[in-house]
Amino acid sequence: MFVQTWLLPAALLVTATIVAFPLSRYLAWIMNGKYRSLPVLGWFEKSLDSGPQDWKQYTGSLLIFNTVLFIFGYLVLALQPVMPLNPDGKGMLFPSTIFNSVISFMTNTNLQHYAGDVHLSNFSQIFFCIANMFISASVGFCALVAIIRAFRGDSSLGNYFVDMWRVLVYMFVPAALLFGFIFVWQGSPMTLKSSYQVTTLEPTAMGTTDKGEVKRQTIVVGPVAALESIKMLGTNGGGFFGMNSAHPFENPTGLSNFFNTLAMMVFPFALVFMYGRMLGRMRHSYVIFAVMLTLMAGTVIWSVCYDTLRPNPGLTAHPVARTYIIPNAKAPGGKQAVRLPAVAGLPLDQHLGNLEGKELRFGTSAGATFDALTTDVTCGAVNAEEDSLNPLAALSPMTGMWLNCIFGGKGVGMINMLLYVIIGIFIAGQMVGRTPEYLGRKIGAREVKLAVIALLVHPLLILMPTGLFSATSWGLKAVSNPGAHGFSQMLYQFSSASANNGSAFDGLGVTFGFVNNPNPSPTAIPWDIATGLVMLFSRYLPIIAPIAMAAFLGAKKASPAGLGTLRDDTATFGFLVLGTILIVGALLFLPVAVLGPIAEHLGPIPFGG
Amino acid sequence: MLRALAKSVLLLIFSVVICCILYPLGLWVIGQAAFPFQANGSILKGPDGNVVGSRLIAQPFTKDEYFQPRPSSPSYDASASASSSLASSNYALRDRVARALGPIVKYKSGTKAGQPVAPDVEAWFQKDTFHGNPYIVAQWADLHNSLAQAWVNADPKNGAYVDDWAKVHPAIVAQWIKDNPATPKPKAADLAIVFFKEFSNANPGRFPSGVTRTGADGKPQTVIEPVKEGADIQSIFFEMWRQDHPDADLQDVPGDLVTASASGLDPHITLQNAEFQLDRVAAKWATDLKRDPTAVRTEIEQIIRKDASAPWEGLIGEKFVNVLEVNLELCKRYGMPP
């Protein structure tokens, strides 16, 4: 049982770390432009090159390209009914859902207010989802590379369009082909057909239609493997099917689950080393890597301990009767006592942990492990239902999104980590009374301001809308579970949007569906718009501000390290950064954690009725 | 600015050609050439050569001759995968699990060891006393308002039954409207709690449930009647019976038998679960085939053990069985069940 529980997470962390070494060498080689491309590819690259760019031109190009991408995505989805590869005649999504989805995929979030198997044609899956998955992952990657070049003090930040081309052609496409091959081999469909109609082995078990005919099972297929591999490699996370990597076609076996999980880890891991290689400071990147790995191991161990190693508390015995004192204006003294009798357990063997919302083929701890990792690397795919996690276990994916720097998504996680590094150095500098320095350059007021702006966008965009929706019917009518868990559902949705993660507590009523849907979720439109805006701001502000910060910092003169310099390649520095992350994170998010998952854990279970 | 726009469009065109045409096409060719079975959805054929489903997608089985898959939130609809999304703190989860357990749970020790608890649940229900107070159904509706309302909405017949009841009891409806002035025209579900309260007083030890009767036209039809036994009593009231009998020693049921998977389409059950179902499956086949039950049981046990596999050969998880494969094997060996 010990091995069955811990081997998978350990194997994942070790393998991803090992792969990160050679991969980071390759990435640095490509991004430094040391390769010699084939003549054909070279022609494409030349035609994209618009010359060396400074930081304003680079971010300007990034924003213009993303605007073009937004228009393209909106057109593809809006025109779904008239596009090819749509034999089932899927209609048009509601405009606010299209708005949300386009932003969601453009920002590498992949929060889905629709279900792929229900609402998208194969054309949309390929030309909307797959296109955005490749492109949006490359955008964050390029931003990190620009920051590195700025830190290096390069005369230009490179060219945005050439960088995009390099990332796409030399990294993501080959890697996606390799993983796609593994997924087809393991059982993911790769066909342009959309669905099968089958009469099941026991035909009447599917039920009968109104006319008394036996219902047939509709099995949706499609180019699943092609989407699956870039979905994970690009830490996108938007599933072909509604239930994402839990669906047997997206993730058919225990082996495919290993590669599914590994795929979302390899690039974020390698980027940390790439940072060190490109700056010529490998030891510094080892320290950062160690901090990230420590945090990641912590979130995984936490969720496995509370989900795989504990039964579902809703089904077990609670042998002690409890009394809760709750405020009640009508009761004498303003307080009312609610007495809950002892609860007898259901006769259930739960030695495999909480199995509600878990698939069996992945392995004992696979669901809990995946759920923690998917928010650490801001992927957002899920292979288990997060809504049904044990209350305390759900704290782990939330923490991953709140800190948003435990490896993080393509480039963006590393950028967030750099913000914590700058803040940490600044705090340490204040404590010893010296001017803080990073990479030999003095950190001034302007850099710290930009870092704080970029860092504060995230909590503000989570806490303010969560507060707004908790206070209005937009939120209260959308939640599907009672009590503290309902609050967690809203909190999770905005955390996921702001962290550009994309996983969700799926019970939340956010789906409008097709434009002519007679029965949409009544609160779908405010959720579409609010999370859409959150994703937009939380994507681009934390990219632009750090690039500016890096450019200002890089423009300063580097001075050699002296006796009083805070060295950035020591264990002391690691603890400084770790402490900064934990303290800042706890100050920002502990209150909502207590209102959500912790209250649910401490409160009566089962709750309501 | 314009230059950047032109380059952006160019980059988008290049990306779409590579990522949306060349890349999927390449993978499609590889998939269709090297792994045609997987690439087309792992479709299986039945004994008569017709397609019966996908090896990877769960499908429902209700007959006792078949092993049954895990519960499915989308009712095994493979075009709309979904989980239950029920939080562990949500009473609806406990209720769903308890209803699944009621008809199958057995005593573990004592004089009744190995016997099902369902008859005792029915006998307890007919006595109509919970925690020492009379009227179980009224208490049930009072404790779990949402379940009472869900019963009304679960079937149009249930709603019609409450509507008919409301016509006969105008005084109770009038009182309800007086207590809830915001809802001057209550629907059937709104009246669920007062309905069950009155029903319980009028029919102690009974619950409204669907019963098949021969109609006036000679065809069988389902009508709602007060019943004192049957599937509804065994499932709905197992949880309350359990709270009244916390010390009863019961056999544990495998967890995956009553918990829904994330996709709702999990094609597997644990080997433990298959062995739990083995007695029922083997006994039914033995009756159908008029053969020695022990021999049939041994054969079927071999089938499930042969099909069983574990992720990474058991290093990271326990053994599981593919339900459709096993049931297909049963059909191939014994023929289709009657």
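## Domains of chain B

Taken over C-alpha atoms, the centres of domain 2 and domain 3 of chain B are 32 Å apart. The assignment splits chain B into domain 1 (2–39), domain 2 (44–84 + 260–334) and domain 3 (91–244); such bounds come from an automatic or database domain assignment.

A quick word on what you're looking at: this is a predicted model, where local features need pLDDT of at least 70, side-chain atom pairs count only at pLDDT 80 or more, and totals for chains, interfaces and linings use all residues. Residues are numbered from 1 along each chain as its sequence is written, while chains are lettered from A and ligands numbered from 1 in the order in which they are written.

## Where the chains meet

The contact draws on 101 residues of chain B and 108 residues of chain A (contact means C-beta atoms, placed from the backbone, within 7 Å). On the chain B side, helix 1 (residues 2–34) gives the most, with 22 residues. That side breaks down into 57 nonpolar, 35 polar and nine charged residues. Here Ala, Val, Leu, Ile, Met, Phe, Trp, Tyr, Cys and Pro count as nonpolar, Asp, Glu, Lys and Arg as charged, and the others, Gly among them, as polar.

Strands get involved too: strand 5 (residues 348–349) of chain A runs parallel to strand 7 (residues 253–254) of chain B, joined by two bridges. A:Leu348 has B:Val253 as its bridge partner. Strands pair if DSSP finds at least two bridges between them; helices (H or I, at least four residues) and strands (E, at least two) are DSSP runs, numbered from the N terminus.

B:Leu315 sits in the loop between helix 14 (293–307) and strand 9 (320–322) of chain B. Leaving aside residues up to four places away in sequence, B:Leu315 touches A:Val3, A:Gln4 and A:Leu7.

## A hairpin in chain B

Strand 5 (residues 207–214) and strand 6 (residues 220–227) of chain B pair antiparallel over eight bridges, with B:Thr212 opposite B:Thr222. Five residues separate the two strands of this hairpin, and B:Gly218 in the turn has a positive phi of about 85°.

## Helix 4 of chain A

Helix 4 of chain A is largely enclosed by the rest of the structure, because 10 of its 12 residues are buried (20 or more other C-beta atoms within 10 Å of the residue's own; exposed is 12 or fewer, partly exposed in between, with C-beta atoms placed from the backbone). Among the buried ones are A:Phe99 and A:Met106. Their cover includes helix 3 (55–78), helix 6 (122–152) and helix 17 (524–554) of chain A. After helix 4 comes A:Asn108, with a positive phi near 65°.

Technical notes. Contact = placed C-beta atoms within 7 Å.
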